[in-house]
Amino acid sequence: MIRVAIAGLGNCASMLIQGIEYYKQKGDNYYEGLITPIIGNYKVTDIEIVSAFDISKNKIGKDISEAIFEKPNITPKIVNMEKKGVKVKAGPVLDGVANHMKDVFNPAYDGTIEGVIQELKDSKAEILINLLPVGSEQASREYAKAALEANAAFINAIPVFIASDPTGKFPQMFKEKNIPLAGDDIKGQVGATILHRTLTSLFRLRGVKVEETYQLNVGGNTDFLNMKTEERLYSKRISKTKAVTSTLDDNNYLEKEGKIRIGPSDYVPFLGNTKVAYIYLKGAGFAGMPIKIETSLEVDDKSNCAAVLSDIIRAVKVALDRKIGGPLVEVSAFYFKHPPVQAKDDEEAYRWFRKFLEM
């Protein structure tokens with residue numbers, strides 16, 4: 001069993017918890033829809049959620065099997081779940097709730113980081129996943145410190161720079177304590193960033209210079225509503241932009257010339273958990289002749305996230321078993337938008353990940 005705690009019991013957590021149950025009900029040998037059926041000796045069915053933290057009065061104190069369906073969550077019920085005996089604990093609010101989200105999240109303000117640390121210890125959680133709302137810079141760092149204090153590995157699924165901390169502070173702390181750290185900003189199973197990187201990699205491979213590009217994303221869940229304020233998007237835009245420009249030979253010229261724009265664009269309530277991405281590239285090919293691509297991608301945003309998380313959890317558990325601490329470079333490069341070290345393309349990142357598994 002892999003003992004996992006979750007900070008932020010939103011739609012992605014709902015899909016992850018339901019997804020684990022889905023595969024348990026299907027049986028140990030059912031792997032359809034998974035990226036990697038077995039990692040190390042671990043299957044998805046080996047994952048057990050032993051603790052969860054949230055700030056919503058709608059969820060705190062309830063069993064996770066019930067809390068994941070409380071408002072403002074909108075992830076549909078895909079399996080019938082029995083109670084898990086794991087009650088949601090109050091986490092600290094800090095900067096996790098934007099002003100325009102207070103009525104939506106219905107926050108309670110009595111959670112403390114000391115309470116989080118104690119719960120991590122009491123539940124014997126091996127791994128803590130950060131699924132807080134985008135823009136939760138301070139709160140994410142406090143949860144990372146809590147993981148260190150409780151000797152739990154940390155998976156940072158959101159665009160706050162922990163594993164890729166430019167100051168080197170968090171990577172060093174996790175390395176010193178020999179605790180695995182994976183991040184930052186999770187990629188989807190087949191998401192907008194993956195598709196965009198594939199297209200820019202194709203241009204590079206075929207000798208076409210990318211002259212301008214954009215990626216505009218819309219969705220209808222609380223994630224997109226939270227991101228309506230631009231001040232919460234600073235790290236998000238950096239993360240998504242660097243994930244795309246890193247595939248190019250000259251990975252700075254588009255930003256210097258103002259020829260790239262990537263990030264959430266609007267909140268469309270009726271879309272629910274459906275995310276729609278519009279991607280455009282214009283390049284110069286042979287003799288400077290223009291080549292254009294315009295495409296769109298529509299996905300269930302939260303199943304896209306949960307599929308990747310189910311892999312990362314097991315990869316981090318492998319690192320724990322092997323006593324590998326600090327930033328997991330190979331794991332992060334394949335599964336995150338803003339890893340400590342960015343691979344040139346996703347095929348290279350996958351090779352790194354396979355090499356990690358074979359160590």
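How do the residues of the lining of the second largest cavity divide into nonpolar, polar and charged? In this predicted model, the answer is five nonpolar, no polar and four charged residues, and the paragraphs below place that lining beside the sheet, the cores and one buried lysine.

**The cavity**

The structure holds three cavities of 30 Å³ or more, and the second largest of them encloses about 80 Å³ of space. Its lining is formed by Ile-17, Ile-20, Glu-21, Lys-24, Ile-47, Glu-48, Ile-49, Ile-64 and Lys-84. Two elements, helix 1 (11–26) and strand 2 (47–54), each give two or more residues to this lining, and helix 1 gives the most, with four residues.

**The sheet**

Strand 2 also takes part in an open sheet of seven strands, which has the order 3-2-1-4-5-6-11 and parallel pairing. At the edges of this sheet stand strand 3 (89–90) and strand 11 (326–327), and because each has a single partner strand, one side of each is left without a neighbour in the sheet. Strand 1 (residues 2–7) pairs with strand 2 in the parallel sense over six bridges, and Ala-5 has Ser-51 in strand 2 as its bridge partner.

**The nonpolar cores**

The largest nonpolar core has 82 residues, of which Ile-6, Leu-9 and Ile-129 touch the most other members. Helix 11 (residues 301–321) supplies the largest share of this core, namely ten residues. Apart from this core lies another, of twelve residues, including Tyr-253, Ile-260, Ile-262 and Ile-279. When residues up to four places away in sequence are not counted, the contacts of Ile-6 include Ile-17 and Ile-49, two residues that also line the second largest cavity.

**A buried lysine**

Lys-337 is found in the loop between helix 12 (329–335) and helix 13 (346–358). Buried means under 20% relative accessible area, and Lys-337, at 7% relative accessibility, therefore counts as buried. Leaving aside residues up to four places away in sequence, Lys-337 touches Asp-184, Asp-185, Ile-186, Lys-187, Thr-193, Lys-236, Ser-239, Lys-240, Ala-243 and Gln-342.

**Elements named above**

The table gathers some of the helices and strands, with their residue ranges.

| Element | Residues | Place in the description |
|---|---|---|
| Helix 1 | residues 11–26 | gives two or more residues to the lining of the second largest cavity |
| Strand 2 | residues 47–54 | gives two or more residues to the lining of the second largest cavity |
| Strand 3 | residues 89–90 | stands at an edge of the sheet |
| Strand 11 | residues 326–327 | stands at an edge of the sheet |

Technical notes. Residues numbered from 1 in each chain as written. Predicted model: local features only at pLDDT ≥ 70, side-chain atom pairs only at ≥ 80, totals over all residues. Heavy atoms only, no water. Core = buried A, V, L, I, M, F, W, Y, C linked by side-chain atoms within 4.5 Å. Buried < 20%, exposed > 50% of the residue type's maximum accessible area, 1.4 Å probe, protein only. Contact = heavy atoms within 4.5 Å. 1 Å grid on protein atoms, 1.4 Å probe; cavity = no way out; pocket = protein on both sides within 12 Å on 5 of 7 lines; lining within 4 Å. Points joined across faces, edges and corners; volume = space filled by probe spheres on them. Nonpolar A, V, L, I, M, F, W, Y, C, P; charged D, E, K, R; others polar. Pairing = 2+ DSSP bridges.
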